[in-house]
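Colleague: Got a minute to go through this model with me? I'd like to start with the pockets and then poke at a few single residues.

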Amino acid sequence: MKIRKINLDITDPEEIGTSLDINEIEYNNIECVNWAKEYPYKPDVRFRIAYTNTDILLDYEVSEATSRAVADRDGGNVWEDSCVEFFIKSEDSKDYYNVECNCAGTLLIARGEDRNSRIQLSAEDMAKVKRYSSLGREPFYEKTLTKPWRLSLIIPFSVLGIDSPTGKLFKANFYKCGDSLSVPHFLSWAPINVPTPNFHLPEYFAPIVFIP
């Protein structure tokens, strides 16, 4: 996947959707149901991604049967909620970063080589990620929504240990999950071929490149 640069200084995450519309940044679908026998439910999930001189811009749109945002602090169990995730790894690093955010904008970021050796980023670093949720920022228990929800993130490259990404090759995957929803689900952008749900598998990340 080629990630295009936007020559704008975007500081308000609520403006991301409009900026990506103006720059004709296309949506990608998160639609691989890798464990369909046990977890067949497939919500409608798509995302757009671009970058500026300093940040990655991520914009998700999700339509699902029910939504939940119980985690009330950064670093909590956001994957148990209605959660969208972005994992990224540089080709010259053993570590990858996982950026996981529930539908109310509460997030978790960690780094490490595999699932069992994660180092969570500090609260100060996670606070540098600016977020907009169409559902607001207050926690809530599982409920039915009448329309899709949107989540937009401004992720500084510095938070992900990235200097200048232009022209460099990375690998990444994008996910949607809801471990503790009444209908759990696990979707990915790039397919994963293992018998049980596991997103922490860099060997199944797909190539991405930040183009000028």
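Colleague: Which strands each supply at least two residues of the lining of the largest pocket?

Modeller: Keep in mind that this is a predicted model. The largest pocket has a volume of about 330 Å³, and W79, E85, E100, R115 and H200 are the closest to its centre among the 17 residues that line it. The strands that each put in at least two lining residues are β6 (83-90), β7 (96-102) and β8 (107-112).

Colleague: And how many residues of that lining in the largest pocket are charged?

Modeller: Here the cut is by residue type, with Asp, Glu, Lys and Arg taken as charged. The lining of the largest pocket has 8 nonpolar and 4 polar residues, and the charged ones number 5.

Colleague: What about the second largest pocket: which element gives the most to its lining?

Modeller: That pocket holds about 210 Å³ of space. It is lined by 16 residues, and S90, D92, G161, I162 and F170 are the closest to its centre. Two or more lining residues come from each of β6, β7 and β13. The biggest giver, with 3 residues, is β6.

Colleague: How many residues in the lining of the second largest pocket are nonpolar?

Modeller: Take out the others in turn: 5 residues of the second pocket's lining are charged and 4 are polar. The nonpolar count is 7.

Colleague: Why is there no bond between the sulfur of C101 and the closest cysteine sulfur?

Modeller: A disulfide needs the two sulfur atoms within 2.5 Å. For C101 the closest cysteine sulfur is in C83, and that is too far for a bond, so no disulfide forms there. C103 is in no disulfide either, with the sulfur of C101 as its nearest at 8.8 Å. The structure as a whole holds 0 disulfides, and the C101 to C83 sulfur distance is 7.0 Å.

Colleague: Is C103 buried or exposed?

Modeller: The cut-off for buried is under 20% relative accessible area. C101 has 1% and therefore counts as buried. C103 comes out at 0%, so the word for it is buried.

Colleague: Let's move to R131. Which residue has a backbone oxygen that lies 2.8 Å from a polar atom of the side chain of R131?

Modeller: R131 lies in strand β10 (residues 130-133) and is buried, because its relative accessibility is 13%. Beyond its neighbours within four places in sequence, R131 is in contact with several residues, including P13, D74, R137 and S152. Its side chain also reaches the backbone oxygen of V129 at 2.8 Å. Away from that one, the backbone oxygen at 2.8 Å belongs to M126.

Colleague: Which residue has a positive phi although it is not a glycine?

Modeller: As a rule, most residues other than glycine have a negative phi. The one here has a phi of about 55° and sits in the loop between α1 (16-22) and β2 (28-29). Its relative accessibility is 63%, so it counts as exposed. The residue is E24.

Colleague: Last one: what distance separates the C-alpha atoms of V183 and P40?

Modeller: V183 is in the loop between β13 (169-177) and β14 (186-188). With a relative accessible area of 42%, V183 is partly exposed. V183 and P40 are 143 residues apart along the chain, and their C-alpha atoms are separated by 9.3 Å.

Methods: Residues numbered from 1 in each chain as written. Predicted model: local features only at pLDDT ≥ 70, side-chain atom pairs only at ≥ 80, totals over all residues. Heavy atoms only, no water. Helix = DSSP H or I, 4+ residues; strand = E, 2+ residues; numbered from the N terminus. Buried < 20%, exposed > 50% of the residue type's maximum accessible area, 1.4 Å probe, protein only. Polar contact = N/O pair within 3.5 Å; in protein donor to acceptor, adjacent residues only side chain to side chain. Contact = heavy atoms within 4.5 Å. 1 Å grid on protein atoms, 1.4 Å probe; cavity = no way out; pocket = protein on both sides within 12 Å on 5 of 7 lines; lining within 4 Å. Points joined across faces, edges and corners; volume = space filled by probe spheres on them.
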